[in-house]
Each structure stands twice: as structure tokens, then as C-alpha cells.
Amino acid sequence: QAEFLVERVLTQLVRDGVLDDERLALARAEQLRLRGSSRSAIRGKLQEKGIRRKIIDRALADVDEPGGDAELLSAIQYVRRRRLGPARDTAQRAARRDKDLAAVARAGFSFGVARRVIDCEDLDALQLVAAGD
């Protein structure tokens with residue numbers, strides 16, 4: 001009997017829009033993208049929540065910057081937040097380059113994106129390019 005009641009409450013919550021995987025996926029993807037998470041990291045976190053692949057694909061498509069490079073923008077945000085590469089003290093930058101590249105790659109970014117962000121001289125200029133401005 002308890003199982004029936006739980007099912008009934010869940011059905012009502014879905015019907016009322018309180019439980020909505022699409023809204024959850026989009027909100028979480030936006031939050032993670034702004035934080036500097038890679039596309040693969042976002043996908044993994046949403047899959048952990050049990051969200052279906054089709055919904056995840058739509059959420060990722062919605063958070064990608066139109067006319068910009070969302071993955072590069074996220075990598076820039078990640079590097080800033082972690083103070084890697086160009087966000088690091090210039091005295092340590094060259095000595096820590098390989099470790100910084102590895103950190104960005106472990107975060108789920110491609111080697112090309114990691115190298116582009118870690119080796120850039122000006123994150124603000126790269127961000128303008130990535131945003132399509």
C-alpha cells in the first residue's frame with residue numbers, strides 16, 4: 001500500500017511540474033558551465049543524477065554559447081578559479097606548465113583546449129575570442 005501512495009505522490013509531483021528532469025538538467029548544466037566544468041564533466045554529473053541521455057544532450061546544447069566556444073570559455077573559467085597557467089604567479093608559471101596542463105585535462109578538457117588556455121598570455125583577450133566578440 002505504501003508503494004502505491006509513493007507512486008501516486010510522484011505522479012502528482014511530475015504532473016504539477018515540481019519534478020522536472022529537463023529543468024533540473026538545464027539548471028545544473030548552466031551552473032556547472034559557469035563554474036568552469038567541461039562538457040564531459042557536466043555529462044557525468046548529470047548521469048550520476050540518473051538523468052536520461054536525451055535530456056542531457058538537450059541541456060548541453062542549450063548551455064553552449066551560440067557563436068562562441070563554450071568549452072574554451074569553461075576552460076578559461078576553470079583556469080582562473082584554480083589559478084593555473086596565466087592566472088598563476090609568473091615566477092612559477094613555466095615550472096608548473098606540465099602540471100597545469102594535466103590538471104586541465106583531468107577536468108575533462110581536450111589537450112588542444114588545455115594547451116591553448118595554459119599557454120595564452122592574456123586570459124581576457126582569449127575570453128573575448130572564445131565568446132565570439
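Student: In this predicted model, why is glutamate 22 called partly exposed?

Tutor: The relative accessible area of glutamate 22 is 37%. The term covers values between the limit of 20%, under which a residue is buried, and the limit of 50%, over which a residue is exposed. Glutamate 22 is therefore partly exposed.

Student: What makes the pair of glutamate 22 and arginine 58 a salt bridge?

Tutor: The closest N and O atoms of glutamate 22 and arginine 58 are 2.2 Å apart. The rule asks for a side-chain nitrogen of Lys or Arg within 4 Å of a carboxyl oxygen of Asp or Glu, so the pair qualifies. The two residues belong to distant parts of the chain, with glutamate 22 in helix α2 (residues 21–35) and arginine 58 in helix α4 (residues 53–63), 36 residues apart. Arginine 58 is also partly exposed, its relative accessibility being 34%.

Student: How many salt bridges does this rule give?

Tutor: The count comes to 10 salt bridges.

Student: How do you know that arginine 39 and aspartate 64 form a salt bridge?

Tutor: The closest N and O atoms of arginine 39 and aspartate 64 are 2.7 Å apart, and the cut-off is 4 Å, so the criterion is met. Arginine 39 lies in helix α3 (residues 39–48), whereas aspartate 64 lies in the loop between α4 and α5 (70–82); the pair is 25 residues apart and links distant parts of the chain. Arginine 39 has 31% relative accessibility and counts as partly exposed, as does aspartate 64 at 27%. Both residues also belong to a network of salt bridges that links Arg33, Arg39, Asp64 and Glu71.

Student: What makes arginine 43 and aspartate 57 a further example?

Tutor: Their side chains meet at 2.8 Å, N to O, and the limit is 4 Å. This salt bridge joins helix α3, which holds arginine 43, to helix α4, which holds aspartate 57, across 14 residues of the chain. Aspartate 57 is partly exposed, with a relative accessible area of 32%.

Student: Why are α7 and α8 called oblique to each other?

Tutor: The axes of helix α7 (residues 97–106) and helix α8 (residues 111–118) cross at roughly 135° and come within 9 Å. The angle is neither over 145, as roughly antiparallel would require, nor in the range of 65 to 115 for roughly perpendicular, and therefore the two helices are oblique. The crossing of α7 past α8 is right-handed.

Student: Which residues meet where α7 and α8 are in contact?

Tutor: Arg97, Asp100, Leu101, Val104 and Ala105 in α7 meet Phe111, Ala114, Arg115 and Ile118 in α8. By class, this contact has 6 nonpolar, no polar and 3 charged residues.

Student: Is threonine 90 buried or exposed?

Tutor: Threonine 90 has a relative accessible area of 69%. Exposed means over 50%, so threonine 90 is exposed. This residue is found in helix α6 (residues 90–93). Its C-alpha atom is separated by 18 Å from that of alanine 102, 12 residues apart along the chain.

Student: What is the phi of arginine 83?

Tutor: Arginine 83 is not a glycine, yet its phi is positive, about 55°. Most residues other than glycine have a negative phi. Arginine 83 lies in the loop between α5 and α6. Its relative accessible area of 58% is over the limit of 50%, so arginine 83 is exposed.

Key:
Residues are numbered from 1 along each chain as its sequence is written. This is a predicted model: local features need pLDDT of at least 70, side-chain atom pairs count only at pLDDT 80 or more; totals for chains, interfaces and linings use all residues. Side-chain values use heavy atoms; hydrogens and water are left out. Helices (H or I, at least four residues) and strands (E, at least two) are DSSP runs, numbered from the N terminus. Buried means under 20% relative accessible area, exposed over 50%, partly exposed in between (1.4 Å probe, protein chains only). Axes are lines fitted to C-alpha atoms, for helices over the stretch in contact, and angles run from 0 to 180 degrees between N-to-C directions. A crossing is left-handed if the near helix is turned anticlockwise from the far one by less than a right angle, and right-handed if clockwise. Contact means heavy atoms within 4.5 Å. Ala, Val, Leu, Ile, Met, Phe, Trp, Tyr, Cys and Pro count as nonpolar, Asp, Glu, Lys and Arg as charged, and the others, Gly among them, as polar.
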